[in-house]
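Thanks for coming. I have one chain to show today, and I will go from a sheet to its loops and then to the C-terminal part.

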Amino acid sequence: MKKIFPQGDGNAAAAGSKALPRRQGAQPCVTQMNRTGFLCHDRRSCIPASRVCDGIHTCAHGEDEEEALCRDMPQSFPGFLVAHCGDPASWIYSDQKCDGINNCGDCSDELSPVTVCPPCGPGWWRCPSTVFKYCSCIPRSLCRDHVQHCSDWSDEYSCPGP
């Protein structure tokens with residue numbers, strides 16, 4: 001049985017979750033990809049934070065697109081759905097933090113002092129990236145492809161590849 005905790009991913013809703021005690025308002029959960037999620041009113045479906053107010057009714061009853069929740073993003077969001085960037089005027093969905101992608105545009109969602117992310121995962125290579133899409137890790141699929149993606153060229157000479 002999958003328990004629901006404050007946190008959550010980017011895939012479909014998680015079924016078979018254990019419901020937490022009933023509280024008012026939006027509730028956090030952890031998606032199957034271990035990312036911050038939004039708990040639907042059925043108390044079993046956990047959708048990724050980035051699927052809230054995206055114009056698509058992902059929860060069975062459409063609570064992820066309710067006007068009160070979506071009217072003034074991100075101010076109308078509960079705090080667990082929002083992560084702030086280095087620029088205080090910029091924000092991202094909380095499930096986009098520490099995902100390896102430069103969602104904030106200044107890498108503040110991937111690097112300290114704004115964010116403390118775990119080291120690169122098994123499918124990633126740590127290096128000073130030259131690719132603006134990434135920050136301090138690139139996908140190993142970019143290693144040894146005869147194209148420089150790391151400023152130190154380690155993706156071509158040191159990285160073992162995928």
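Before the sheet, one cut-off: a residue is called buried when its relative accessible area is under 20%, exposed when it is over 50%, and partly exposed in between. I will use these words throughout. What you see is a predicted model.

Some totals to begin with. The chain has 162 residues, and 43% of them count as buried. There are two helices and nine strands, and from the N terminus the order of elements is β-β-β-β-β-α-β-β-β-β-α. The accessible surface comes to about 9000 Å², with 54% of it belonging to carbon and sulfur atoms.

On confidence, the mean pLDDT of the chain is 84, and 85% of the residues score at least 70. Residues 1–23 are a separate matter: pLDDT stays under 50 there. The model has 67 contacts beyond four places in sequence for that stretch. I will leave it at that and move on.

Now the sheet. It is open, with three strands in the order S3-S4-S5, and the pairing is antiparallel. Which strands are at the edges? Strand S3, residues 27–30, and strand S5, residues 46–48, each of which pairs on one side only. From one strand to the next the twist averages 50 degrees.

As a reminder, strands of a sheet pair through backbone hydrogen bonds, either parallel or antiparallel. Here S3 and S4 pair in the antiparallel sense over four bridges. Between S4, residues 36–39, and S5 there are three bridges, again antiparallel. Leu 39 is a useful residue to look at on S4. Towards S3, Leu 39 is the bridge partner of Gln 27; towards S5, Leu 39 stands opposite Cys 46.

In a regular strand the side chains alternate between the two faces of the sheet. So what happens on the two faces of S4, are they covered or open? Both are covered. Thr 36 and Phe 38 lie on one side, Gly 37 and Leu 39 on the other, and all four are buried, which means that each has a relative accessible area under 20%.

Next, the turns. S3 and S4 form a hairpin with five residues between them, and Asn 34 in that turn has a positive phi of about 60 degrees. The hairpin of S4 and S5 has six residues between the strands. Arg 43 sits in that second loop, and its phi is near 65 degrees, a positive value in a residue other than glycine. For context, most residues other than glycine have a negative phi, and most peptide bonds are trans.

Is Arg 43 buried or exposed? Arg 43 is buried, because its relative accessible area is 11%. Asp 42 is also found in the loop between S4 and S5. Asp 42 has 31% relative accessibility and so counts as partly exposed. The C-alpha atom of Asp 42 is separated by 8.4 Å from that of Cys 59, and the two residues are 17 apart along the chain.

Further along, there is a cis peptide bond. It joins Met 73 and Pro 74, with omega at about 0 degrees. Pro 74 belongs to the loop between helix H1, residues 67–70, and strand S6, residues 82–84.

Last, the C-terminal part. An unreviewed UniProt entry places the feature "domain: LDLRAD1-like C-terminal" at residues 118–157. Over those residues the chain is 10% helix and 15% strand, and the end C-alpha atoms are 24 Å apart.

Two residues to look at here. Ser 136 is in the loop between strand S8, residues 124–126, and S9. Ser 136 counts as buried because its relative accessibility is 15%. What is Ser 136 in contact with, leaving aside neighbours within four places in sequence? The partners are Leu 111, Cys 120, Trp 125, Arg 126 and Cys 127. Of these, take Cys 120: Ser 136 and Cys 120 are 16 residues apart in sequence and 8.2 Å apart in space, C-alpha to C-alpha.

The second is Trp 153, in the loop between strand S9, residues 137–139, and helix H2, residues 154–157. Trp 153 has a positive phi of about 65 degrees although it is not a glycine. At 36% relative accessibility, Trp 153 counts as partly exposed.

That is what I have. Questions, please.

Technical notes:
Residues are numbered from 1 along each chain as its sequence is written. This is a predicted model: local features need pLDDT of at least 70, side-chain atom pairs count only at pLDDT 80 or more; totals for chains, interfaces and linings use all residues. Side-chain values use heavy atoms; hydrogens and water are left out. Two strands pair if DSSP finds at least two bridges between them. Axes are lines fitted to C-alpha atoms, for helices over the stretch in contact, and angles run from 0 to 180 degrees between N-to-C directions. Buried means under 20% relative accessible area, exposed over 50%, partly exposed in between (1.4 Å probe, protein chains only). UniProt positions are given in the numbering used here, feature names are shortened, and annotations may be inferred rather than shown by experiment. Accessible areas come from the Shrake-Rupley method with a 1.4 Å probe; for residues, only the protein chains shown count as cover. pLDDT is the predictor's confidence in each residue, from 0 to 100. Contact means heavy atoms within 4.5 Å.
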